[in-house]
Amino acid sequence: MNNNGKPKNNVFWHQSAIKKEDREKQHGHKSIMIWFTGLSGSGKSTIANALQHKLFQKYINVYLLDGDNLRYGINKNLSFTAEDRQENIRRTAEISKLFVDAGIVVLAAVISPFEKDRLNARALFKQGEFIEVYIKCSLEECENRDPKGLYKKARKGEITQFTGVDQPYEEPRNPEIVIDTNKLSIDESVEILISYLFDKAGLVLNTKE
């Protein structure tokens with residue numbers, strides 16, 4: 001790679017004979033990147049998974065990239081330092097871009113604590129393709145839930161570089177959607193997302209000739 005992050009001169013982009021628009025037409029809907037960000041325990045994965053199920057029932061080609069699951073494979077060599085978190089988000093965004101090019105609706109549920117990294121992820125996509133969903137939940141409530149026992153371990157010093165405890169979380173400045181899970185149920189959250197995707201984001205294509 002060059003210093004600017006681009007491939008060296010002996011690497012050339014090979015143009016596909018099939019375009020994203022062709023794949024979208026075959027699927028019958030647009031492809032969109034839906035990026036869920038929020039503290040651990042806020043409900044990102046739960047809501048994203050529920051949304052995935054609802055979209056699947058509506059015959060939408062959809063796939064969920066969960067942050068923890070990605071660390072079992074493509075991101076298993078990354079730690080939780082700020083630098084590795086940045087690389088974690090970069091890889092997740094690049095994978096998501098491939099899904100969007102394939103004509104698929106992709107959901108990514110990752111803490112993604114830093115605004116700069118989320119903006120870099122957004123920059124990979126065209127206008128209207130990237131929808132940032134801030135799963136808002138107070139740190140106190142996330143600690144009360146603590147579904148994986150991670151906050152308890154972090155408070156004891158058994159886990160370091162944990163977001164919200166000894167590493168900051170930067171709230172999104174201009175997300176497309178804010179879901180406050182202090183107040184909303186999973187079903188209510190999913191309905192808000194479904195309404196946005198079909199009414200505002202125009203998820204389904206107009207297939208009339």
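Q: Why is R122 counted as partly exposed?
A: In this predicted model, R122 has a relative accessibility of 23%. Buried means under 20% and exposed means over 50%. The value of 23% falls in between, so R122 counts as partly exposed.

Q: What makes E132 buried?
A: The relative accessible area of E132 is 4%. The cut-off for buried is under 20%, so E132 is buried.

Q: How do you know that E132 forms a salt bridge with R122?
A: The closest N and O atoms of E132 and R122 are 3.6 Å apart. A salt bridge needs these atoms within 4 Å, so the pair qualifies. E132 sits in strand β4 and R122 in helix α5, 10 residues apart. Both residues also belong to a salt-bridge network, together with E115, R118 and E176.

Q: What makes K54 and E191 a salt bridge?
A: Their closest N and O atoms are 4.0 Å apart. The limit is within 4 Å, so the pair counts. K54 is in helix α2 (residues 44-57) and E191 is in helix α8, so the bridge ties together parts 137 residues apart in sequence.

Q: Are K54 and E191 buried, exposed or in between, and what are their relative accessible areas?
A: K54 has a relative accessible area of 28%. E191 has 44%. Neither value is under 20% or over 50%. Both residues are therefore partly exposed.

Q: Why do the side chains of D68 and K148 count as a salt bridge?
A: The N to O distance is 2.5 Å. That is within 4 Å, so the definition is met. D68 lies in helix α3 (residues 67-70), while K148 lies in the loop between α6 (139-145) and α7 (150-155), so parts 80 residues apart in sequence are tied together. D68 has a relative accessibility of 40%, which makes it partly exposed. The structure holds 12 salt bridges.

Q: Why is one side of β2 and of β5 left without a neighbour in the sheet?
A: The sheet is open, with five strands in the order β2-β3-β1-β4-β5 and parallel pairing. β2 (62-66) and β5 (177-180) stand at its edges, and each has a single partner strand, so one side of each has no neighbour in the sheet. From one strand to the next, the twist averages 20°.

Q: How do you know that β2 pairs with strand β3?
A: Five bridges join β2 to β3 (residues 105-109). Pairing requires at least two bridges, so these strands pair. They run parallel. D66 stands opposite A109 in β3.

Q: Which helices lie across β4, and at what angles do they run to strands of the sheet?
A: Helix α5 (residues 115-122) lies across β1 (33-37) and β4 (130-136), at about 150° to β4. Helix α8 (residues 186-200) lies across β1, β4 and β5, at about 170° to β5.

Q: What makes the pair of Y151 and F162 edge-to-face?
A: The ring centres are 4.9 Å apart and the planes stand at 85°. Centres must lie within 6.5 Å, and planes over 60 degrees apart count as edge-to-face. Both tests are passed, so the label holds. Y151 is in helix α7 and F162 in the loop between α7 and β5, 11 residues apart. Both residues are buried. The whole structure has five aromatic pairs, and ring pairs link W35, F125 and F130 into a cluster.

Q: Why is T163 called buried?
A: T163 lies in the loop between α7 and β5. Its relative accessible area is 2%. That is under 20%, so T163 is buried. Its contacts beyond four places in sequence include L39, I111, P113 and Y169.

Q: How do you know that the side chains of T163 and R85 make a polar contact?
A: The distance between them is 3.2 Å. A polar contact needs N or O atoms within 3.5 Å, so this pair fits.

Q: What makes S42 buried?
A: S42 is in the loop between β1 and α2. Its relative accessible area is 0%, and the cut-off is under 20%, so S42 is buried. The S42 side chain reaches the backbone oxygen of L39 at 2.7 Å. Leaving aside neighbours within four places in sequence, S42 is in contact with I135, C137, C142, R145 and T181.

How values were computed. Residues numbered from 1 in each chain as written. Predicted model: local features only at pLDDT ≥ 70, side-chain atom pairs only at ≥ 80, totals over all residues. Heavy atoms only, no water. Helix = DSSP H or I, 4+ residues; strand = E, 2+ residues; numbered from the N terminus. Axes fitted to C-alpha atoms, helices over the stretch in contact; angles between N-to-C directions. Contact = heavy atoms within 4.5 Å. Buried < 20%, exposed > 50% of the residue type's maximum accessible area, 1.4 Å probe, protein only. Polar contact = N/O pair within 3.5 Å; in protein donor to acceptor, adjacent residues only side chain to side chain. Phe/Tyr/Trp six-rings, centres within 6.5 Å; stacked < 30°, edge-to-face > 60°.
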